[in-house]
Amino acid sequence: MSSALFAELAYWQQTGIRVGVGLAAVLLVAGALVYMHLFKAVSFMQSRLGPMEAGPYGSLQLLAEVGKHLQKEDIFPRKADRFVFGAAPFVVLASTFLLVVVVPAGPDLWFVDSELGIYLGMAVSSVSVLGILMAGWGSSNKYSLLGGLRATGQLIAYELPLILAVIGVVIQAGTMNMADIVYAQANGEIFGLGIVGNPYILTQGVAFIIFLIAMQAELAQAPFDMPVAESELVTGYMTEYSGMRFLLFFIGEFATAGVFAALASVLFLGGWYVPGIDPSANIMNVLGPLVMLVKIVGLTFVVFWTRFTMPRFREDQLQRLAWKFLIPIALANIVVTGILKVTF
Amino acid sequence: MSDFLRSYLTVGIFGLAGVALVAVFLGLGRILRPSNPTVQKLTSYESGVDPTGDMWSQANIRYYVFALLFVMFDVEAVFIFPWAMRLEVYELFGLVEMAIFIYILLLGLLYAWRKGMLRWV
């Protein structure tokens with residue numbers, strides 16, 4: 001798929017534009033999510049106003065936070081492994097930006113139009129585990145080591161339901177290319193009815209629920225927040241981090257939340273497609289990102305709503321849920337989807 | 001360079017952009033922040049009391065067992081993805097093949113389950 005928009009530009013110019021847009025998109029979406037959900041929605045749920053001082057309705061609170069953390073001292077503990085400790089935030093943020101490349105937001109608005117698409121995304125999503133383990137190990141702190149190990153155990157356990165849930169979608173769409181998955185949903189029919197297409201949340205509902213649960217665990221949000229449990233581990237692998245380095249972990253967390261929500265909306269909610277408009281029409285290059293944004297905000301609202309409603313799991317309950325429930329159900333979902341695909 | 005390899009180059013550039021972003025933030029902070037390390041500040045945090053013993057201590061063996069199980073299923077997922085893409089072509093033959101494959105792996109999970117590996121004690 002060659003884009004008319006970029007037809008005259010050399011590869012380096014194109015890539016420069018894509019990287020610039022990607023950085024802006026990830027940071028702006030992450031900022032919007034923190035303000036809307038973490039600052040405001042949660043405050044209203046708890047009968048308080050949230051930040052109100054910086055800017056109208058506290059909308060500049062984020063800039064104030066960044067400014068505050070920029071001025072804080074950068075402390076490397078004496079016993080820490082300086083290289084590993086310092087490199088961990090780089091790895092975590094890099095993994096987020098490796099993940100966002102597979103997300104398309106319109107017929108010509110993609111970062112990488114790869115045939116491997118979601119497969120590539122699932123592969124690079126595990127890189128963040130490395131960064132978190134580096135942070136936990138490099139800090140040379142008992143809380144951090146425990147938090148890092150807990151995070152690793154949790155992330156690899158929930159990586160599997162996540163991947164296996166995606167396979168159901170790949171079977172239905174017959175492709176791993178993210179844009180083609182959107183087209184497959186737009187052109188799909190359920191029992192001959194094609195008015196709304198076939199967003200896979202309808203036919204892959206089980207996979208969607210597994211994906212949401214695994215996503216919650218991958219993001220280490222409550223009820224899966226044992227790795228960063230304040231009351232047990234003093235924020236786990238982030239205990240020894242201060243100032244800007246601490247904030248970078250935080251930015252990485254919310255940027256990844258946005259990217260995972262974008263993945264879920266492409267895979268299950270039809271991506272930039274809205275019923276009634278041809279998804280390959282040129283107008284979708286303008287409307288597509290807005291449609292995506294609405295779906296991302298909706299999905300992340302569910303994530304944060306759950307986060308502030310559910311109590312924390314115990315470590316054994318966590319592993320049991322992944323290995324004894326989610327993985328067998330996801331495998332059954334693959335088999336059933338395969339049988340239905342072959343028979344119909 | 002072919003389009004295929006170029007798309008991987010783009011992925012690499014995005015990774016570097018993430019690294020550059022962190023470098024810019026930390027570099028900006030370097031100009032603004034104070035640096036005044038004291039012995040107390042640099043000690044490991046243990047809720048206010050003086051830290052004791054070696055920080056790189058032993059950890060639960062369970063993490064290792066789950067990591068092994070993870071490798072088993074992750075390799076499985078690598079094989080299922082290409083199959084899932086081409087199921088329309090393989091039809092019944094592919095379905096039976098994959099059913100056998102998943103059955104064998106499920107046996108592995110059941111074995112670990114029976115052995116009590118999935119219990120966190």
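Three exercises on this predicted model follow, each with a worked solution.

**Exercise 1. Confidence in chain A**

Find in which helix of chain A confidence is lowest and in which it is highest.

Solution.
- Start with the whole chain: the mean pLDDT of chain A is 85, and 97% of its residues reach 70 or more.
- Next, take the helices: the lowest confidence in chain A lies in helix α10 (residues 230–233), with a mean of 76.
- The highest lies in helix α9 (residues 205–218) of chain A, at 91.
- A general caution applies: predicted coordinates should not be read in detail where pLDDT is low.

**Exercise 2. The fold of chain B**

Decide whether chain B is more spread out than a compact globule, or not.

Solution.
- List the elements: chain B has four helices and zero strands, in the order α-α-α-α along the sequence.
- Compare two values: the globule rule gives 14 Å for 121 residues, and the radius of gyration of chain B is 25 Å, well over that, so chain B is more spread out than a compact globule.
- Add the dimensions: the C-alpha trace of chain B spans about 70 × 50 × 15 Å along its principal axes.
- Add burial: 14% of the 121 residues of chain B count as buried.

**Exercise 3. The side of chain B that touches chain A**

Describe which elements and which classes of residue make up this side of chain B.

Solution.
- Count the contacts: 54 residues of chain B are in contact with 65 residues of chain A.
- Name the elements that give two or more residues: α1 (3–32), α2 (39–42), α3 (62–85) and α4 (87–114) of chain B.
- Pick out the largest share: α1(B) supplies 17 residues.
- Sort by class: this side of chain B has 36 nonpolar, eleven polar and seven charged residues.

How values were computed. Residues are numbered from 1 along each chain as its sequence is written. Chains are lettered from A and ligands numbered from 1 in the order in which they are written. This is a predicted model: local features need pLDDT of at least 70, side-chain atom pairs count only at pLDDT 80 or more; totals for chains, interfaces and linings use all residues. pLDDT is the predictor's confidence in each residue, from 0 to 100. The radius of gyration is taken over C-alpha atoms; the globule rule is 2.2 Å times the number of residues to the power 0.38. A residue is buried if 20 or more other C-beta atoms lie within 10 Å of its own, exposed if 12 or fewer, and partly exposed in between; C-beta atoms are placed from the backbone. Two residues are in contact if their C-beta atoms, placed from the backbone, lie within 7 Å. Ala, Val, Leu, Ile, Met, Phe, Trp, Tyr, Cys and Pro count as nonpolar, Asp, Glu, Lys and Arg as charged, and the others, Gly among them, as polar.
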